[in-house]
Amino acid sequence: MTSHRPTTSVAATENRRTSTAVVELVARVDEVDPIALEPLYDAIDPDTLDSICDPSSGFRSLSFRYAGWLVTVDSREGGLEIALSEPASPDGSVADIPDAESSL
């Protein structure tokens with residue numbers, strides 16, 4: 001079985017904040033209004049997310065849980081890639097995933 005992993009790419013030159021892109025991607029995949037989602041700051045500080053996810057700073061990767069998803073932000077040439085994956089194991093239990101991890 002192939003799992004679908006929703007992703008979006010954000011160019012470094014766009015005026016779109018990483019935090020906004022995360023919320024918009026989750027809302028699109030869950031087919032809900034972004035306002036209906038839990039506040040992002042319950043999972044990670046949005047200002048910190050925006051400031052550390054700058055490819056020019058040496059940022060490489062960051063993962064955290066948000067709204068039932070494991071969100072992974074990776075540095076890619078020319079911008080960032082944001083991917084969602086389900087953090088649950090096949091039996092429905094939550095996988096042992098740290099709340100936030102990063103590599104710089």
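Colleague: Which residue forms a salt bridge with arginine 76, and how far apart are the closest N and O atoms?

Modeller: Bear in mind that this is a predicted model. Here arginine 76 forms a salt bridge with glutamate 81, and the closest N and O atoms are 3.6 Å apart, which falls inside the cut-off of 4 Å. As for accessibility, arginine 76 is partly exposed, with a relative accessible area of 43%, and glutamate 81 is partly exposed as well, with a value of 21%.

Colleague: How many salt bridges does a search of the whole structure find, and which residues are joined into one network by bridges that share partners?

Modeller: The search finds four salt bridges, and those that share partners join Arg17, Asp47 and Asp50 into one network. In one of these contacts, the side chains of aspartate 47 and arginine 17 meet with an N to O distance of 3.2 Å. Because aspartate 47 lies in helix H2 (residues 46-52) and arginine 17 in the loop between strand S1 (7-11) and helix H1 (18-30), this pair ties together parts that are 30 residues apart in sequence. In another, arginine 17 meets aspartate 50 at 2.4 Å, again N to O; since aspartate 50 belongs to helix H2 while arginine 17 sits in the loop between S1 and H1, the parts tied together are 33 residues apart in sequence.

Colleague: Are aspartate 47 and aspartate 50 buried or exposed?

Modeller: A residue is read as buried under 20% relative accessible area and as exposed over 50%. Aspartate 47, at 52%, therefore counts as exposed, whereas aspartate 50, at 18%, is buried. Their partner arginine 17 is partly exposed, with a relative accessible area of 41%.

Colleague: Turning to the strands, why is strand S3 described as largely enclosed by the rest of the structure?

Modeller: The description follows from a count along the strand: six of the eight residues of S3 (residues 69-76) are buried, so the strand is largely enclosed by the rest of the structure.

Colleague: Which strands pair with S3, and in what sense?

Modeller: Strand S2 (residues 61-66) pairs with S3 in the antiparallel sense over six bridges, and phenylalanine 64 has valine 71 in S3 as its bridge partner. Strand S4 (residues 79-85) also pairs with S3 in the antiparallel sense, over seven bridges, with leucine 70 standing opposite serine 85 in S4.

Colleague: Which residues take a positive phi in the two hairpins?

Modeller: In the hairpin of S2 and S3, which has two residues between the strands, alanine 67 takes a positive phi near 55°. The hairpin of S3 and S4 likewise has two residues between its strands, and glycine 78 in the turn has a positive phi of about 85°.

Conventions. Residues are numbered from 1 along each chain as its sequence is written. This is a predicted model: local features need pLDDT of at least 70, side-chain atom pairs count only at pLDDT 80 or more; totals for chains, interfaces and linings use all residues. Side-chain values use heavy atoms; hydrogens and water are left out. Helices (H or I, at least four residues) and strands (E, at least two) are DSSP runs, numbered from the N terminus. Buried means under 20% relative accessible area, exposed over 50%, partly exposed in between (1.4 Å probe, protein chains only). Two strands pair if DSSP finds at least two bridges between them.
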